[in-house]
Amino acid sequence: MKSKQASTKHVKYSNQNYALMAYLKLQGQNAEDLKQNTDDMHWKQDENNKFTIDFGAHTTVMTVTDKQVKITYDKVTKDGMGQGNGHKVYSKQMLANEFGSQKNVLDEILDTVENASKESDRSNSMSSTQSTQSSTTNNQAETQKNNNSNTVPNQANASNSNASNSQEKPLVKDGYTYRPKYNENGQVDAWMVTGPDGRTFGGGDPSPAWQEIESEYNSLNNK
């Protein structure tokens, strides 16, 4: 035992090493056991000294301090699995004595799960960027479609509507600009609404809210 302590005393272990050692101690496993399950293991470093492990369900959190590793975990209760209701503390010296000889395997595990975590972050970032670009393209297409719908369907009606709109003041309310779209009988067929972001969309129905918009617009234009 003295020889083992002497051999591990001069080896430097990272916070990540100590976190894995504490997890193995809690689970009653060795490094080779954990290595067999790295494909299903999710590893996250929240801070320089705080680490989380889960396998798709409940999590185990290891916080590495100067001389100890504190663990918060889900332990079985009479009603089933708890939520972070278990706590243990292991000294670094005890962990090094028990798992120090497995450091090489621990480092292999860390390389695997940290690379997987980076790849996941990179994939999520790319997906988010593609989603944003797709949303921007769709928004531009929708705006163009709305703009075209105001001018293409009926040229005569569009001319009358444009002439009427050019003489009337648009209603500005709560950051939105409202302009009526007239039908061939000169009645409001719909409302074209431009939002704070510059996007224009159609709206309007017999509801009290839209009746109030029409009333305020008519009042503004003395109609």
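**View 1. Surface and overall make-up of the chain.** The chain exposes about 14,200 Å². Carbon and sulfur atoms supply 45% of that area. The model is predicted. Of the 223 residues in the chain, 30% are buried. Seven helices and 11 strands are assigned. Take the contacts between residues at least 6 apart in sequence: 45% of them join residues at least 24 apart.

**View 2. The five-stranded open sheet.** Five strands make up this sheet, in the order 1-2-3-4-7. Their pairing is antiparallel. Strand 1 (42-47) and strand 7 (86-91) are the edge strands, and each pairs on one side only. From one strand to the next, the twist averages 20 degrees. Strands of a sheet pair through backbone hydrogen bonds, in either a parallel or an antiparallel sense.

**View 3. The hairpin of strands 3 and 4.** Strand 3 covers residues 59-64 and strand 4 covers residues 68-73. The two form a hairpin, with three residues between them. They pair in the antiparallel sense over four bridges. Within this pairing, T63 stands opposite K70 of strand 4.

**View 4. Strand 4 beside strand 7.** Strand 4 also pairs with strand 7, in the antiparallel sense and over six bridges. One residue to find here is Q68, whose bridge partner in strand 7 is S91. Side chains alternate along strand 4. V69, I71 and Y73 point to one face and are buried. Q68, K70 and T72 point to the other face and are not buried. Thus K70, the residue opposite T63, is on the face that is not buried.

**View 5. Helix 2 across the sheet.** Helix 2 (residues 15-27) lies across strand 1, strand 2 (50-54), strand 3, strand 4 and strand 7. Helix 2 runs at about 130 degrees to strand 3. The helix is mostly covered: 10 of its 13 residues are buried. These are Q16, N17, Y18, A19, L20, M21, A22, Y23, L24 and L26. The length of helix 2 can be checked too. At 1.5 Å a residue, its 13 residues should span 18 Å, and the end C-alpha atoms are 18 Å apart, so the two values agree. G28 follows helix 2, with a positive phi near 70 degrees.

**View 6. Helix 4 across strands 3, 4 and 7.** Helix 4 spans residues 92-99. Helix 4 lies across strand 3, strand 4 and strand 7. Its direction makes an angle of about 75 degrees with strand 7. Strand 7 is an edge strand of the sheet.

**View 7. D174 in a loop.** D174 lies in the loop between strand 8 (171-173) and strand 9 (176-182). Its phi is positive, near 55 degrees, although D174 is a residue other than glycine. D174 has a relative accessible area of 68%, so it counts as exposed, the cut-off being over 50%.

**View 8. N221 after helix 7.** N221 is found in the segment after helix 7 (208-220). Its relative accessibility is 15%, so N221 counts as buried, the cut-off being under 20%. Leave aside the neighbours within four places in sequence, and N221 is in contact with E168 and K169.

Key
Residues numbered from 1 in each chain as written. Predicted model: local features only at pLDDT ≥ 70, side-chain atom pairs only at ≥ 80, totals over all residues. Heavy atoms only, no water. Buried < 20%, exposed > 50% of the residue type's maximum accessible area, 1.4 Å probe, protein only. Contact = heavy atoms within 4.5 Å. Areas by Shrake-Rupley, 256 points an atom, 1.4 Å probe, with all protein chains shown as cover. Pairing = 2+ DSSP bridges. Axes fitted to C-alpha atoms, helices over the stretch in contact; angles between N-to-C directions. Expected span 1.5 Å × (residues − 1).
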